[in-house]
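Visitor: Could you walk me through the unusual backbone spots in this one? I am new to it, so please take it slowly.

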Amino acid sequence: MSALAAARYGKDNVRVCKVHRDEKTGIQTVVEMTVCVLLEGDIETSYTKADNSVVVATDSIKNTIFITAKQNPVDPPELFGSILGTHFIEKYSHIHAAHVNIVTHRWVRLDIDGKPHPHSFIKPGSETRNVQVDVIEGKGIEINSSIKGLTVLKSTGSQFWGFVRDEYTTLKETWDRLLSTDVAANWQWRLFTGLADVKMHSEKFNAAWEAARAITLKTFAEDNSASVQATMYKMGEQILAAVPLLDTVGYALPNIHFFEVDLSWHKGIKNTGKDAEVYAPQSNPNGLIKCTVGRAGQKAKL
């Protein structure tokens, strides 16, 4: 005998671009997003009884995303996701949770002759601003914001020594190395009671993203890093201090390795240690370091 243990469904990879035109100033802004909406509720019979009467068609979900984007602000994405998710649980009585994931693709305004251009933009790389919004009937709105694909490198100011050495160890200790990573940072907001609560704090979302990004970059650049672990913890501490509405801050930082190339075999060329200038970038395998920083009093999961 079997039973449906869990189910959710919806529309994924809905690409949306919204242009805001300020008629007074002539300045235009663009926001490009990839949106996923998954619904949960009294939908079991659609799986077990072939009963489509409980199914809000995924095409209708796609249409709702476009209409909601037209009728509401899409910036900050935390607010847009909350508006979108709340729509589904208020519109359909049998839907009890809506899970909205938004990936915002960055477009940066062009500077032309030293001045910001009113309607031209450049995409600076693969960095995205992401949000996961879970609107749960009877509970509230859970929001997790994040940065992904922010690639950074510094050519000094990083060490790694004093680690466990045993019969499996070949890695040499170093007091000066290149450090590079693809930053994935996320911050969990305290539970919002509903859409009105989110709207009340809507101005804090962009400020938090700006603070998290700035703290991450500044700490990465300025910290004389004893390890990735130590540096990422400092980042998390500072973000929690800067944004009181956050419960936790998390990081996942993969090492992007650059290995010294030993050229001593060719005419005694010195290219290791303090003489290193030429490096070989590596793809994999790579170290992967993760942590979640919470507020004092929260139970640690170690």
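Guide: Let us begin in the loop between helix 2 (58-71) and helix 3 (77-91), where Pro-76 lies; helices here are DSSP runs of H or I with at least four residues, strands are runs of E with at least two, and both are numbered from the N terminus. This is a predicted model, in which local features need pLDDT of at least 70, side-chain atom pairs count only at pLDDT 80 or more, and totals for chains, interfaces and linings use all residues. Residues are numbered from 1 along each chain as its sequence is written, and side-chain values use heavy atoms, with hydrogens and water left out.

Visitor: What kind of peptide bond joins Asp-75 and Pro-76?

Guide: That bond is cis, with omega at about 5°. As background, most peptide bonds are trans.

Visitor: And where does Pro-285 lie?

Guide: Pro-285 sits in the loop between strand 11 (279-281) and strand 12 (288-294), and the peptide bond leading to Pro-285 from Asn-284 is cis, with omega near 0°.

Visitor: Switching to phi, what is the value for Asn-13?

Guide: Asn-13 has a positive phi of about 55°, although it is not a glycine, and its place is in strand 1 (residues 9-21). Most residues other than glycine have a negative phi.

Visitor: Is Asn-13 buried or exposed?

Guide: Asn-13 counts as exposed because its relative accessibility is 56%; exposed means over 50% relative accessible area, buried under 20% and partly exposed in between, with a 1.4 Å probe and protein chains only.

Visitor: What about Ala-50, where is that found?

Guide: Ala-50 is found in the loop between helix 1 (44-48) and helix 2. Ala-50 has a positive phi of about 55° without being a glycine, and at 65% relative accessibility Ala-50 counts as exposed.
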